[in-house]
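Biologist: Hi! Could you pull up the model so we can walk through how it is put together?

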Amino acid sequence: MPAQGEQHKPPLTPINPFEEAKPHISEYTAKEIAKLSSRLEKQLGPEYISSRPGAGGGKVHYLSADKCINLANEVFGFNGWSSAIQNVQIDFVDENQSTGKVSLGLSVIVRVTLRDGTYHEDIGYGHIENCKGKAPAFEKAKKEGTTDGLKRALRNFGNLLGNCVYDKDYIAKVTKLKIAPTKWDPENLHRHPDFAPVKTEPPSEYSGGQPSLPQSKGEWLLEADEAANTGIFEVLIEKKDNG
């Protein structure tokens, strides 16, 4: 374990500032690559596809960001992939002098890297019109551009991560399939310990008739005496009835 303050000392081996640092790489086995390829080739079911109104009265189908991230975690593992912003390019910023409202557009390049070093990157775009203030305008546009870039980078890995949505023949067929309603189960919720429902176990079939065991030696002797007296009393009653 390093001593106090040792982390601030320069390393023993000199580092070339012009040499790009090599990330830690964990290679996939041939079996893992075949399994990943097989999964990524599959197209998505209709429950993953969302839609919104498009130009000319049509619909635009897409894979939402939350489902895309969940699929990436499912395929690669939550610690099997990462994303990084490579560049942000502001295309235009217009501010109305009379109203103070801001319109802007920017592009974001996002790279998605797997644990073996394989990566894809793509460009996303974010924009906003007539926003009250520069800060909320940049916040909305950067988030939108980053999310768009992340989804576009992930789709390069295969159909399962959104590339199938660009296939018009597939969309025409999959959108005709019926989706069964999802079942809501509150048991699957992650609850705070103070608000988690208390689970009560149902009483056992024989729990009502089981006597409690004595806890001390005195209780054992008392119950033994009571049992003996009860037995003598029952014998006397039986003799009296027979006599």
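Modeller: Sure, let's go through the strands, the helix packing and the aromatic rings.

Modeller: Before we start, this is a predicted model, where local features need pLDDT of at least 70, side-chain atom pairs count only at pLDDT 80 or more, and totals for chains, interfaces and linings use all residues. Residues are numbered from 1 along each chain as its sequence is written, and side-chain values use heavy atoms, with hydrogens and water left out.

Biologist: Got it. How do strand 1 and strand 2 pair?

Modeller: Strand 1 (residues 49–53) and strand 2 (residues 59–63) are antiparallel, with 5 bridges. Strands here are DSSP runs of E with at least two residues, helices are runs of H or I with at least four, and both are numbered from the N terminus. Two strands pair if DSSP finds at least two bridges between them.

Biologist: And what sits between strand 1 and strand 2?

Modeller: The two strands form a hairpin with 5 residues between them, and Gly 56 in the turn has a positive phi of about 70°. Ser 50 has Tyr 62 in strand 2 as its bridge partner.

Biologist: Next, the sheet. In what order do its 3 strands come?

Modeller: The order is 3-4-5, in an open sheet with antiparallel pairing. Strand 3 (81–95) and strand 5 (119–132) are at the edges with a single partner strand each, so one side of each has no neighbour in the sheet.

Biologist: How many bridges join strand 4 to strand 5?

Modeller: There are 12 bridges between strand 4 (residues 101–114) and strand 5. Lys 101 stands opposite Lys 132 of strand 5.

Biologist: Switching to helices: at what angle do helix 2 and helix 3 pack?

Modeller: Helix 2 (residues 65–76) and helix 3 pack at about 45°, and their axes are 10 Å apart. Axes are lines fitted to C-alpha atoms, for helices over the stretch in contact, and angles run from 0 to 180 degrees between N-to-C directions. The two helices are therefore oblique to each other; under 35 degrees would be roughly parallel, over 145 roughly antiparallel, 65 to 115 roughly perpendicular, and the rest is oblique.

Biologist: Last one: which rings form the aromatic pair?

Modeller: By the rule that ring centres of Phe, Tyr and Trp (its six-membered ring) lie within 6.5 Å, the count is 1 aromatic pair. The rings of Phe 76 and Phe 157 have centres 5.5 Å apart and planes at 65°, so the pair is edge-to-face (under 30 degrees is stacked, over 60 edge-to-face, the rest tilted).
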